[in-house]
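Please look over the sequence and the structure shown here before reading on. The report is meant for someone meeting this protein for the first time.

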Amino acid sequence: MTAPAAVARRLVLTGHVQGVGFRPFVYRLAHRHKLDGNVCNRLGEVEIVVQGDSNAVSAFALDVLHAAPPLAAPRLVLDEPWRVDRNLHGFLIAPSETDRAARIFVPADHFMCEDCRRELENPRDRRHRYPFINCTQCGPRYTLIERLPYDRLNTTLPVANVAPCRVRPTRAARLSRSRPVAVSRKAAS
Ligand SMILES: [Zn+2]
C-alpha cells in the first residue's frame, strides 16, 4: 500500500504574533501533527507553509488559530493550497523577512500573567519573589525593542548564541520557553 498523497497549504496570519512565542508554538504544533514546512516572520504577519497528510494539515490549520498563545490572538488573512515539495523534510523556523515595507505591529508591554504570579508567590519556585519575572505571555516588549520585526537580535536582550539564520530544533525548543528579560544590555550598562 502506498502512503496517502501529501497536500500542502499556505497560511498567513496576523494579530499580535510577534514577541509572544508564536513561531515556537507553530513549530511544536507542526511537529505534533508530523508536518513538514516552515514558518516565517513577515513584518507584522506570520507565513506558514505546511505539508503532509491531509487530515493532519486540516487539524493543524484549526489548532494554529484555536490553541495559540493567548496573547497572540491570531487572525487568518490567507489560506490557500500550496505546491507540494517532495524535497521538503522537517519543519523549520525560517529567517525573518525584512526587505519590504512593514505592516507594523509594535508589541506592547503586558502586565504579569497568572502563571508568573503563581511562580512569584510560590516559595518553592526558583523564581520566588524574582523582581524581573516575566515570560512569553507577559512583561516588556515595547520597552525592549529597537527595531522591527520583534526578533531577539532586534531587542536589547543579550544576543550571545543567537543564530541569525535557520534555527535548529533544539534552539527552537529553548526559544519557546525563553523569558524576554532578566537583565537587558541597557539596564546592565
Ligand atoms: Zn508571564
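The sections below go from the overall layout to the sheet, the helices, the core and a few backbone details.

## Overall layout

This is a predicted model, and the protein in it has 5 helices and 5 strands. Read along the sequence, these elements follow the pattern β-α-β-β-α-β-β-α-α-α.

Of the 189 residues in the protein, 30% are buried. Among the contacts with a separation of 6 or more, 72% are between residues that lie 24 or more positions apart.

## The sheet

The strands form an open sheet of 5 strands in the order β4-β1-β3-β2-β5, and the pairing within it is mixed. β4 and β5 stand at the edges, where each has a single partner strand, so one side of each is left without a neighbour in the sheet. From one strand to the next, the twist averages 10°.

On one side of this order, β1 and β4 pair in the antiparallel sense over 7 bridges, and T14 stands opposite R75 in β4. Helix α2 packs on the sheet, where it touches β1, β3 and β4, and its direction makes about 5° with that of β1.

Strand β2 (residues 36–41) pairs with strand β3 (residues 46–52) in the antiparallel sense over 6 bridges, and V39 has I48 in β3 as its bridge partner. β2 also runs parallel to strand β5 (residues 91–93), to which 3 bridges join it, and N38 stands opposite L92 in β5.

## Helices α1 and α2

Helix α1 (residues 22–32) is largely enclosed by the rest of the structure, because 8 of its 11 residues are buried. These buried residues are F22, R23, P24, F25, V26, Y27, L29 and A30.

Two packed helices are described by the angle between their axes and the distance between the axes. The axes of α1 and α2 come within 10 Å and cross at roughly 150°, which means that α1 is roughly antiparallel to α2. The crossing of α1 and α2 is right-handed. Where the two helices meet, V26, L29 and A30 are the residues from α1, and F60, D63 and V64 are those from α2.

## The nonpolar core

Which residues of the largest nonpolar core touch the most other members? Of the 25 residues in this core, they are F22, V26, A30, I48, V50, F60 and V64. The elements that give two or more residues to the core are β1 (7–14), α1, β3, α2 and β5, and α1 gives the most, with 6 residues.

V50 offers a view of the surroundings of one core residue: leaving aside residues up to four places away in sequence, V50 touches A8, R9, A30, L35, G37, V57 and F60.

## Residues with a positive phi

Most residues other than glycine have a negative phi, and most peptide bonds are trans. Several places in this model depart from the usual sign of phi, and they are described here in sequence order. Just after α1, K34 takes a positive phi of about 55°. In the hairpin of β2 and β3, which has 4 residues between the strands, L43 takes a positive phi near 50°. L43 counts as partly exposed because 18 C-beta neighbours lie inside 10 Å, a number that falls short of the 20 at which a residue is called buried. Although L43 and S96 are 53 residues apart in sequence, they are 7.7 Å apart in space, taken from C-alpha to C-alpha.

A73 has a positive phi near 40° and is not a glycine; it is found in the loop between α2 (54–66) and β4 (75–82). With 13 C-beta neighbours inside 10 Å, A73 counts as partly exposed. R129, found in the loop between α3 (114–121) and α4 (169–176), has a positive phi of about 60°, although R129 is not a glycine. Is R129 buried or exposed? R129 counts as exposed, because it has 11 C-beta neighbours inside 10 Å, and a residue with 12 or fewer is placed in that class.

Definitions and conventions:
Residues are numbered from 1 along each chain as its sequence is written. This is a predicted model: local features need pLDDT of at least 70, side-chain atom pairs count only at pLDDT 80 or more; totals for chains, interfaces and linings use all residues. Two strands pair if DSSP finds at least two bridges between them. A nonpolar core is a set of buried Ala, Val, Leu, Ile, Met, Phe, Trp, Tyr and Cys residues joined through C-beta atoms within 7 Å. Two residues are in contact if their C-beta atoms, placed from the backbone, lie within 7 Å. Axes are lines fitted to C-alpha atoms, for helices over the stretch in contact, and angles run from 0 to 180 degrees between N-to-C directions. Angles under 35 degrees count as roughly parallel, over 145 as roughly antiparallel, 65 to 115 as roughly perpendicular and the rest as oblique. A crossing is left-handed if the near helix is turned anticlockwise from the far one by less than a right angle, and right-handed if clockwise.
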